[in-house]
Amino acid sequence: CSEQAFTMRFFAVCLVALALASSANAEKLLLLNNSREIPQSQDPLALWSLDTVSLKAEKLTESSYDMPAWSASVFCNNSYFASYADFNSAAWGVMQYSLTDKKWGGNILSDYLYHALACLDDQLYGVGTRPREQGGVEYSIRKLNPDTLDDKQMLNLTSITTYWDGYDNIFSFSEDGYTLWASFPVAPKLAKNHGGLLVEVDLKNWKVTGQQKYDTHAEPYFLVPPSKGSSKSFAIMKYFSWGGDIVSLNFDPVTFSSSNVKIKKGKEVDFMWASSQPQKLCNGVIYSLGLAHEEGQPPQYLFGMDAQTGEEVLNINLEDVIPGAFVGGLSCV
């Protein structure tokens, strides 16, 4: 096609993306562009900032770290933290970068693999697991110390469940950060292959304050934390075929009762699929990273969805703003 036609098409795509972004709240995101190995070359790990309205990205720093798998991340006390699993050395922990000093800090090593990170009163907390000798995993809510590079347990959840199906999306924090909502999957059984258990944790007093079963055969993917005192919210749920394959993601209204979470099937929101990469809720918008692929084919996308209506409000081809986009960590500022 002609250069003029290509330019016109690219301009139209940019206008659509800008219109979607403008309908969402203005947000500055931090994106960790993953290190990855490609024949004959290796991309450096880089931290980028992205304005969701102007769609302008800025590279803040890069590093020679070679840790290929990233998950939960958070902005806390003017530093960026992200959990990693280094399969080359069978080690895991949390890395840190100070936006004040513009320096990479030491890695917080742990026996626990972190699936969610949160910032409470400028202190770093996370939810992690480690394998149990008798099978399954041990769930632990922990406080991390970026200065001493260690962590300690605040509350153990292993008495509730030891089943883990590999999705980091099941943890969400209330707007004030003091309540953790954990949507644990239920171990498959012959008569019921899917289900979920919602656990509410008070992070001020470090105790479990509620347990409810999801009244559905679907599985929780991401729960929008309910407002304090509210009995209603929304959740992205996974629906399955008889053969056990995921057939759709749906944005479902949920109602909390004393023992059950009642689900009403809503509209499909398959664009929010991010495999096990956790979504991030910021100012009423749920952000989700599409899957990244080697050599950028197909390119990786960043989506945003209104947390109350399920409407798509952001759709960005990350390759247009971050060259060689292979993002593995997402956080709000």
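## A predicted protein built from strands

Strands S21 and S22 form a hairpin, with three residues between them. Strands and helices here are DSSP runs numbered from the N terminus, a helix (H or I) having at least four residues and a strand (E) at least two. The structure is a predicted model, in which local features need pLDDT of at least 70 and side-chain atom pairs count only at pLDDT 80 or more, while totals for chains, interfaces and linings use all residues. Residues are numbered from 1 along each chain as its sequence is written, and side-chain values use heavy atoms, with hydrogens and water left out.

### The hairpin and its surroundings

Two strands count as paired if DSSP finds at least two bridges between them. Strand S21 (residues 246-256) is joined to S22 by three bridges in the antiparallel sense. In this pairing, threonine 255 has lysine 262 of S22 as its bridge partner. S22 also pairs with strand S18 (residues 207-215), through three bridges, and these two run parallel. Here lysine 213 stands opposite asparagine 260 in S22.

Which side chains of strand S22 (residues 260-263) are buried? Val261 and Ile263 point to one face and are buried, whereas Asn260 and Lys262 point to the other and are not. A residue is called buried under 20% relative accessible area, exposed over 50%, and partly exposed in between (1.4 Å probe, protein chains only). In a regular strand, side chains alternate between the two faces of the sheet.

### The protein as a whole

The protein contains one helix and 28 strands. Of its 333 residues, 50% count as buried. Its accessible surface comes to about 15,900 Å², and carbon and sulfur atoms account for 51% of this area. Such areas come from the Shrake-Rupley method with a 1.4 Å probe; for residues, only the protein chains shown count as cover.

A contact means heavy atoms within 4.5 Å. Among the contacts with a separation of 6 or more, 46% are between residues 24 or more positions apart.

### Two open sheets

One open sheet has four strands in the order S5-S4-S1-S28, with antiparallel pairing. Its edge strands are S5 (57-63) and S28, each of which pairs on one side only. From one strand to the next, the twist averages 20°. Within this sheet, strand S1 (residues 28-33) and strand S4 (residues 45-51) are antiparallel and share six bridges. Leucine 32 stands opposite leucine 47 in S4.

Another open sheet of four strands follows the order S11-S12-S13-S14, again with antiparallel pairing. S11 and strand S14 (150-156) stand at the edges with a single partner strand each, so one side of each is left without a neighbour in the sheet. The twist in this sheet averages 30° from one strand to the next. Eight bridges join strand S12 (residues 123-131) to strand S13 (residues 137-145). One pair of bridge partners consists of glycine 128 and serine 140, the latter in S13.

### Disulfides

How many disulfides does the rule give? The count comes to two, a disulfide being a pair of cysteine sulfur atoms within 2.5 Å.

| Disulfide | Sulfur atoms apart |
|---|---|
| Cysteine 76 and cysteine 119 | 2.1 Å |
| Cysteine 282 and cysteine 332 | 1.3 Å |

Cysteine 282 lies in strand S24 (residues 280-282) and cysteine 332 in strand S28 (residues 327-332), so that this pair, 50 residues apart, links distant parts of the chain. Both cysteine 282 and cysteine 332 are buried.

The link of cysteine 76 and cysteine 119 is right-handed, with 65° about the S-S bond. It connects strand S6 (residues 69-76) with strand S11 (residues 113-120), and the two cysteines are 43 residues apart. Cysteine 76 is buried, with a relative accessible area of 2%, whereas cysteine 119 is partly exposed, at 27%. When the bonded cysteines are numbered in sequence order, the pairing is 1-2, 3-4.

### Nonpolar cores

A nonpolar core is a set of buried Ala, Val, Leu, Ile, Met, Phe, Trp, Tyr and Cys residues joined through side-chain atoms within 4.5 Å. In soluble globular proteins, nonpolar side chains tend to be buried together. The largest core here has 35 residues, and those with the most contacts inside it are Ile141, Phe171, Phe184, Val201, Ile236 and Met272. A second, separate core of 21 residues includes Leu29, Cys282, Val313 and Leu330.

Leaving aside neighbours within four places in sequence, valine 201 is in contact with residues including Ile141, Leu155, Leu157 and Tyr178.

Notes:
Axes fitted to C-alpha atoms, helices over the stretch in contact; angles between N-to-C directions.
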